[in-house]
Amino acid sequence: MNNPKNAGDEIWLDPDESPGYLVRGTNLSVGKALRRNLSKYGMTLGQYYFMRALWIEEGLSQRELSDRVGTTEPTTASGLRLLEKNGLIRRVRNRRDRRTINIFPTPKGRNLKNELLNMAIKINEIATSGFSTTEVETLKRLMREMKNNLDQDEENSST
């Protein structure tokens, strides 16, 4: 475990020894690579995450989409307006609950799926170049465990 160093009364944790700091830096670099590639499609990173969730499960409500992507509903509404304007999604009023609107990719939105997922795969390959298959699997397992630990801590804190 990486312990903070005490320099007198001051605590110091080297950013290169902080898992949280390293995860953040990696996330920023991956996001930068995704944004650079998505700009060729006129799409933002946030819009990509909405489309990705809809490629996994079509017909999500705005609230479900917000939960899946981890955004607030106003942020989701803004992103969906742009996706709809660009012809990538359509909104359909739910027949059972008229207050709910379900979101579906259009054929144009579905047609981007393979191309954009291949782009994301290539970025992941670049990020993990030089890693063995076992190292990549270990990295993914450790990242899932970190997330689960933090999610569990949040659940425990809210009870």
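Student: In this predicted model, where the axes of α2 and α4 come within 10 Å and cross at roughly 85°, what makes the two helices roughly perpendicular to each other?

Tutor: Angles of 65 to 115 degrees count as roughly perpendicular, and the axes of α2 and α4 cross at roughly 85°; the two helices are therefore roughly perpendicular to each other. The contact itself is made by Q47, F50 and M51 on the α2 side, and by T75, T76, G79, L82 and L83 on the α4 side.

Student: How do the residues of the contact of α2 with α4 divide into nonpolar, polar and charged?

Tutor: They divide into 4 nonpolar and 4 polar residues, with no charged residue. Gly counts as polar in this division, and G79 of α4 is one of the residues in the contact.

Student: Why is Q47 called buried or exposed?

Tutor: The cut-off for buried is under 20% relative accessible area, and Q47, with a relative accessibility of 5%, therefore counts as buried. Q47 is placed in helix α2, and its contacts, leaving out residues up to four places away in sequence, are with G42, G79, L82 and L83.

Student: What makes α1 roughly parallel or roughly perpendicular to α2?

Tutor: Helix α1, residues 19-38, packs against helix α2, residues 45-56, at an angle of about 90° with the axes 9 Å apart, and this angle makes α1 roughly perpendicular to α2. From α1 the contact draws on G31, L34, R35 and L38, while α2 supplies L45, Y48 and Y49. In this contact 5 residues are nonpolar, 1 is polar and 1 is charged; Arg counts as charged, and R35 is among the residues from α1.

Student: At what angle do α1 and α6 pack, and how far apart are their axes?

Tutor: α1 and helix α6, which spans residues 113-127, pack at about 145° with their axes 10 Å apart, and their crossing is right-handed. Here V30, A33, L34, N37 and L38 of α1 meet L116, M119, A120 and I123 of α6, a set made up of 8 nonpolar residues, 1 polar residue and no charged one.

Student: Which residues touch the most other members of the largest nonpolar core?

Tutor: The core has 23 residues, and L38, M43, Y48, L65 and L116 touch the most other members. Two or more residues are given to this core by each of α1, α2, α4 (73-85) and α6, and α2 provides the largest share with 7 residues. For Y48, the contacts beyond four places in sequence are L38, M43, W55, L116, L117 and A120.

Student: Why is T106 called buried or exposed?

Tutor: Buried requires a relative accessible area under 20%, and T106, at 12% relative accessibility, therefore counts as buried. T106 lies in the loop between β5 (101-105) and α5, where it touches G87, L88, I89 and R90 once residues up to four places away in sequence are set aside. The C-alpha atoms of T106 and W55 are 11 Å apart, although the two residues are 51 positions apart in sequence.

Student: How do you know that K108 and G87 are in contact?

Tutor: Contact requires heavy atoms within 4.5 Å, and K108 touches N86, G87 and L88 when residues up to four places away in sequence are not counted. The separation of 6.8 Å for K108 and G87 is a C-alpha distance, across 21 residues of chain, and K108 belongs to helix α5, residues 107-111.

Conventions: Residues numbered from 1 in each chain as written. Predicted model: local features only at pLDDT ≥ 70, side-chain atom pairs only at ≥ 80, totals over all residues. Heavy atoms only, no water. Axes fitted to C-alpha atoms, helices over the stretch in contact; angles between N-to-C directions. Helix = DSSP H or I, 4+ residues; strand = E, 2+ residues; numbered from the N terminus. Parallel < 35°, antiparallel > 145°, perpendicular 65-115°, else oblique. Left-handed = near helix turned anticlockwise from the far one by under 90°. Core = buried A, V, L, I, M, F, W, Y, C linked by side-chain atoms within 4.5 Å. Buried < 20%, exposed > 50% of the residue type's maximum accessible area, 1.4 Å probe, protein only.
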